[in-house]
Each structure stands twice: as structure tokens, then as C-alpha cells.
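Biologist: I have a structure here and would like to go through it with you. Could you take my questions one at a time?

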Amino acid sequence: MATQVQAVRMALHVGETRLGVTDIFGEDVGPPLGGVFTATQGLATAWNSPLDERGVIGAAMGLALAGQRPVCEIQFGDYAFNTIDLLKLAGAMHWSSNGDWSLPMVMMTPVGSGIHGSIYHSHSFDAQATRTPGWKVVMPSTPYDTYGLLLSAIVDPNPVMVLLPKALMRVKARPGELIPGEPEDERVLSKMIDAPLGDRSKWRPEWPDTPDIFLPFGKLKRVREGRDVTVVAYGRMVAICERVAEQVAADGVSVEVIDLRSLIPYDWEGLVESVSRTRRLLLINEDTEVTNFGEHLARRVTEELFGELLAAPRVLAGKNLPGIGLSDELEKASVPQASGIEQAVRELAATSIARGASSAPRSRPAAPPRLASAELDHREAFARAYAVR
Amino acid sequence: MEAAVLPPRESQPRPLPDETLLRMHELMLTGRVLEERLIRMQKQGDGYFWIGGPGEEAFNVALGMLVDRGEGLAHDYLHLHYRSSATLLAMGADPVDALRQMKNTATDPYSGGRNFAGHASIRRWNVAPISSPIEVQFSMAPGTALAQKRYGGRGITIVQGGDAGTAEGDFATCLIWVSRPGNELPCLMIVTNNEYGISTPAATQHGEARISDRGRAFGIRSKTIDANDAEVAYRELEEAMRYVRTERRPFLLEARVSRLYGHSSSSGANLVKGEVDCLVEIEKKLEERGLRGRAELDAMRAQKTEELLAAARRVIAEPQPEGHTVWDHVFAERDVVQQNPIPCDNHGGGRRTPWLDQAH
């Protein structure tokens, strides 16, 4: 039963042995460490680079231009901001040359908060990633999806970013989500592919025989069916939304939870199908809320499904702050928490905009008790901080 | 560790064979006349922006003549910049294609009307897309060079930028990445130094005596040359490339050049007085050696000018790209570099821009 970080490793092993991956590299990616999260332990093509993020992305681009299949790692998504110029160039390589070149490269990077990573180990990258045209962007929330999406990234002819929620790195797969071929017992898997402590010079991993699984990009996963509100999340927020859905179900609020998984391209048809049924939409992610990817989806749903909605789409995202503070209270106040999600869900479920006779609400859930509105407080705080003076 | 900086060459370079010098001259002349035509087109409204390399022809032509041209790891990879048109001409590019890019026509083979003049992309010759940032090529070059080191053979990576671009971090990236101990890469780093960054004199921003000195700290063999002399440029490039090809190690070559029409059309693109003109210099040699007389030189220039004027008139009438084609090539449908089939459909239902499938 793999963790996310073990799933990355197993996918990369398949990549380098069967799918033509030539280079897995980045800062501390090669032996002896095998990555600060151990995502690249025991891999034959893993090597250490200088501590130079622009060099890492640039070298991956050069390798791809030369017909190689590179997978590079930016140690923390926070440090990918250093490379944005090159990411833009990579995304433009095929387009600006009018199709003359393609650039098959994978960049993987741990993102988001939840490990008390302070200002430079907590930032999200999905807002930036999704506004870098020419890149495909995925953000898996389970070991199985990580495995399948990473393999799809490896064989894609375009640059693909695999954003790995760092708080999920050590979270184990749930029952029924095994990668075919991996041992069910986590201790057995660990013995096979986790590097031992101490001297590793003689250690060789024993890889389980796992198949080529290519999860398609642009296909969402419905993790919980519901009737009243569609909650769209990805990465670390998915499991939190599932718990909230469980909680409010006791009060008769039926929440559909969607794991978007693939941000670019995204599953618009799947979103339309769900929102057309629930007629209410809540978008959750950790990145800062101004020019946020959830805003794009909210805009599009508003434009294209306005007549079907019973409530204005809501976006609950990271606060528009320069950083995420170290203290537990500061971190909790900066990114969406279960309590805020629950409140937003209950408020949405209780809202039914008056419509003409032809579009009367089908079923109206009971109004929730009025909660202490942290969300309203936030709106006031935002208005104060960003007021034109 | 390599001897870092070779002493400046005291003696005259070994003269080039007559036919080589004549070929260089003809290419340099074509390059100059092409740049003058591009400038004229921009000034006449047949292009939005000009940037190019008049004044660098001696060096850039020599480079193009010495390149091992071809596709794939066995041949040279080129990460050039926006002053490299004469290199491409010397490699065999059609000057009319540069006119097409100036006029941003649909027929522009480098970018289909998407990019500025001087921003070529030629995959069949390993010429990576040239972009406007002055430094990014120095971060990409170690990647192709690494692949070539692994492949073996004699193919090398050539990366070129100007002196101002060496202030960017990517130049330091390249120095570091091509000289990792035990992993030295076959990369020829070229800095064409015209002593200006747009309007700013290098001497007001750079304290280093010579840019090539920066190779020293990394054990990179380095040299500064007078690239206004065609024979110096050719011989020094020949030597540097021989070293990189056979030793499979990096070389940093700083080539002193002139900038005869300023930075770009933004600074007027007018002839600058007081700079050495490499074309005048090579023509002096040809006259001194009795290889071409003044009348012949003048006639050649007139003829090439006439040919490119006629070509420009034809290009102006070629179609512009249609607006809807902006959606072409956002994503690659297949790997054109390796020609690999894709074993799965990652395109969200096969649409080219699947997240913008409606109402756009």
C-alpha cells in the first residue's frame, strides 16, 4: 500500500525502464539522498544538479530538444518562481516555432501548506502553473492517481507539471486504491523500495512489477456523489472536502465532491454535468485567491450556466497574503480549513435564488443555523487591506 | 585542470585559402545587404520591428561555415540569438525567409508570422527557437550538450549571446553546468561583445576586464578575439571548435564585434559612425591580395541589393496568417523531436484546446 512518494518512485522506475525516461534530476535528487521527500530513491537515472532552479529547468528543456525524456524536480514549488521566465519559454516552444519543435519534459514539484513550512515551503503553484500556456498541469491527491498521471506526463509530447501536495507525501493509499502489482502490506513495500538509514552504497531496490497505467488528462474524478452542492477541489483539499461532506450529510445536506486532478486540460463536460444537477458550486484550493484558477472556473460557470444556478458560485482559496506564517494559527488563517469549507457549503446549500416559474428549485435543503461568519470577517479584512486609499 | 586563458595572439592569423576568404566575403555581403533590406522594410512599414547583426558578419559567417549542420545528436546544436542571421545564411538558409519573418507572413518558415525578424527556428539543422530574452539560451545549452556528451561522436552545442546578457544569472548557470567536475560538456560558449546593452555602455556596468576571464574560475578554456577580422574570427573559431569537438570540454570565446546600426529599430537603426566595419576590412584584404577589385565588389553589392529588393516586393504580397491560426500548436499532438507515437490520449477528448471548447 504505497504512499504518494512511493507512487512517484514506482512511476519513475517504470518511466526509466519502459517509457524512455533518460534523466531524473534536480537538487538532491540523486544518491545518496534520493530527494528531500525521498521521491527519487533507488532510481537508475537519478542525478544531483547544482542548486540552481533555472539551470534545472533549462537543462530539462535542452535535454528535451535533444530527443531525451527528462523528468526534473524543483525541490519546493516556492522555488519555481525563480524559473517562471523559462517555464514561459518552455510552454511557448511548440507554439512560437509554429510547430517546428516539441518539448516533452516533466517538471514535478511539491506544493502547498499543511506541514508548517513557513513562508518559503508552503506556497502553492497552481495559479501560476495554469496561467503558463503550453503546459499541461496535474495535481493528484492519491497514490494511484499520482502513479497514473505521472506515467501519462512522461509519455506526453508536451511539457507537463506534476504538482505534488507535500502534505500528502506520506499519506497511504486507501483500501481499494492499490496500484496493481504492489504488495498490500506496506511493510513489505517499504522493505522493497525504501532506502535504509545509514550507508546506502550497497543498497538496491527491489521494484514490484507494476503495469503501465495512463490516467487521461482532462478527466475529473467524482469522489462522492451528492445532490445539493458541487464542491470542486484538488490536491490536499480533496480529503478535507470529503470529511466536510460526511459531516454535513448528517444534517441532510448532500454534497458532491469532485477531485479535478487535471487542471490543464480540465474536464469541463464533467463539471457541467455535476453543476447542472446540483445547481450550486463551491471551488476550493490553497493558492492565493486573486487571479486564482478557481476564479476562472467560477467565471466560466457563471457565464455559461448562469440560468441554471440556484446560488452564485463561490471560491474559497488561500488568503491574498504575501506568505503563509509559521505558527499553526497563522497557517490555519491563511488557507482553507474544514470549518470554513463547511460554513460555505451550508450557506450555499441554503441559498436558492428566486427564479421564474420555469426554473423553480427542485429541492431546498433546510436553512442551516447561522454560524459565526469567519468568511464574512475575511471579506471585511480583505476590503480593508486592499482598499484604495 | 585546463590552462584557463590563452595569451592574446600576437602574430597575424594564418591566412585563409583564397576560396574560403572569397566565400566568406560573399556570405558577409549577403548578410549585410539582407540586414539593410530588413531595416528598410521596417522603416517603410513592412514590418513592426527590426533587430539583427550588421557588424558581426565576419564572426557569424565563420561560425555558420564551420558548423556541423544536421538534425540530431551527431550534429551541432545551436542556441543562437537575434543577431545571428549571417550564421544562418552561411549554413544555407534562404535570405528570403528572413524577409518573410520581417513581414510576418504565413509563409515565414521560422514562426509563421508569430515572432520578430531574426528569431529563427530550424529543427532540421538543430537550431533551437531564438527568443527575445537575452540569456535563456545559456540555461538550455547544457541540456543539449549533456545529451551529446552521452552520445559521443563530434557533435557539439554552440550557445551565443551578447555582452550585456552575461549579467544575467543564466550565463553563470551555463558556466557552472558545463564544467561540473567529471561531467564537463562539449559546449562552445560565445559572447559577441559589442560593448553596449541597448544604450548603456558596458564599461559603466561591468567591472571585469574581459568577459572571457569568467571562464577561468571554472577551468574553462577561454579567449578574447578581434572578430572584426574575418581571418581571425575563422581561425579562432576553427581552433575553439576543434578543441570542444575532440576534448568534449567547454570553451568560452569572447568575440569583439561592432554594432553598426545600433540596438534595433527602437534606437533608430541608423548607421553608426566610428565603428570598425568588418565588411570594409575583408574587402581591403581581397583588394590587397588581388582577389576582387573595387568595381567587382561594387557590382556584387548592387546586384545583391537589387535581388533582395525584388524578393522583398514579392514577400510583401504573400498572405498574412489568418487569425484563427493562433490556436494552432498550443499543444503538440505528437513528439516531433523523437517521432514517438503517444500511447495514450492526453488531450481531454482530442480537442486541441479542450478547456476552451465552447464560446471562444
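**Domains, sheet and chain contact**

Modeller: Happily! In this predicted model, the centres of domain 1 and domain 2 of chain A, taken over C-alpha atoms, are 28 Å apart.

Biologist: Where do the two domains of chain A begin and end?

Modeller: The domain assignment gives 4-193 for domain 1 of chain A and 221-385 for domain 2 of chain A.

Biologist: What makes residues of domain 1 and domain 2 of chain A part of the contact, and how many does each supply?

Modeller: A pair counts if the C-beta atoms, placed from the backbone, lie within 7 Å. On that basis 25 residues of domain 1 of chain A and 25 residues of domain 2 of chain A take part. On the domain 1 side, α4 (126-130), β5 (136-138), α5 (143-155) and β6 (160-165) of chain A each bring at least two residues. By class, that side has 12 nonpolar, 10 polar and three charged residues.

Biologist: Now the sheet. Why are β7 and β12 of chain A called edge strands?

Modeller: The order is β7-β9-β8-β11-β12 in chain A, five strands in an open sheet with mixed pairing. β7 (221-224) and β12 (314-318) of chain A each pair on one side only, so they are its edge strands. From one strand to the next, the twist averages 25°.

Biologist: How do you know that β8 and β9 of chain A pair?

Modeller: Pairing needs at least two bridges found by DSSP. Strand β8 (residues 229-233) and strand β9 (residues 255-259) of chain A are joined by five bridges, so they count as paired, and they run parallel. One residue to look at is A:Val232, whose bridge partner in β9(A) is A:Ile258.

Biologist: Which helices pack against these strands?

Modeller: Helix α7 (residues 237-249) of chain A lies across β7, β8, β9 and β11 (281-288) of chain A, at about 170° to β9(A). Angles run from 0 to 180 degrees between N-to-C directions, so α7 of chain A runs close to opposite to β9(A). Helix α11 (residues 338-349) of chain A touches β8, β9, β11 and β12 of chain A, and its direction makes about 170° with that of β12(A).

Biologist: And how many residues do chain A and chain B bring to their contact?

Modeller: Chain A gives 46 residues and chain B gives 49. On the chain A side, α2 (53-65), α3 (84-96) and α5 of chain A each supply at least two, with α2(A) giving the largest share, nine residues. That side divides into 23 nonpolar, 15 polar and eight charged residues.

Terms used. Residues numbered from 1 in each chain as written. Chains lettered and ligands numbered in written order. Predicted model: local features only at pLDDT ≥ 70, side-chain atom pairs only at ≥ 80, totals over all residues. Helix = DSSP H or I, 4+ residues; strand = E, 2+ residues; numbered from the N terminus. Contact = placed C-beta atoms within 7 Å. Domains from an automatic or database assignment. Nonpolar A, V, L, I, M, F, W, Y, C, P; charged D, E, K, R; others polar.
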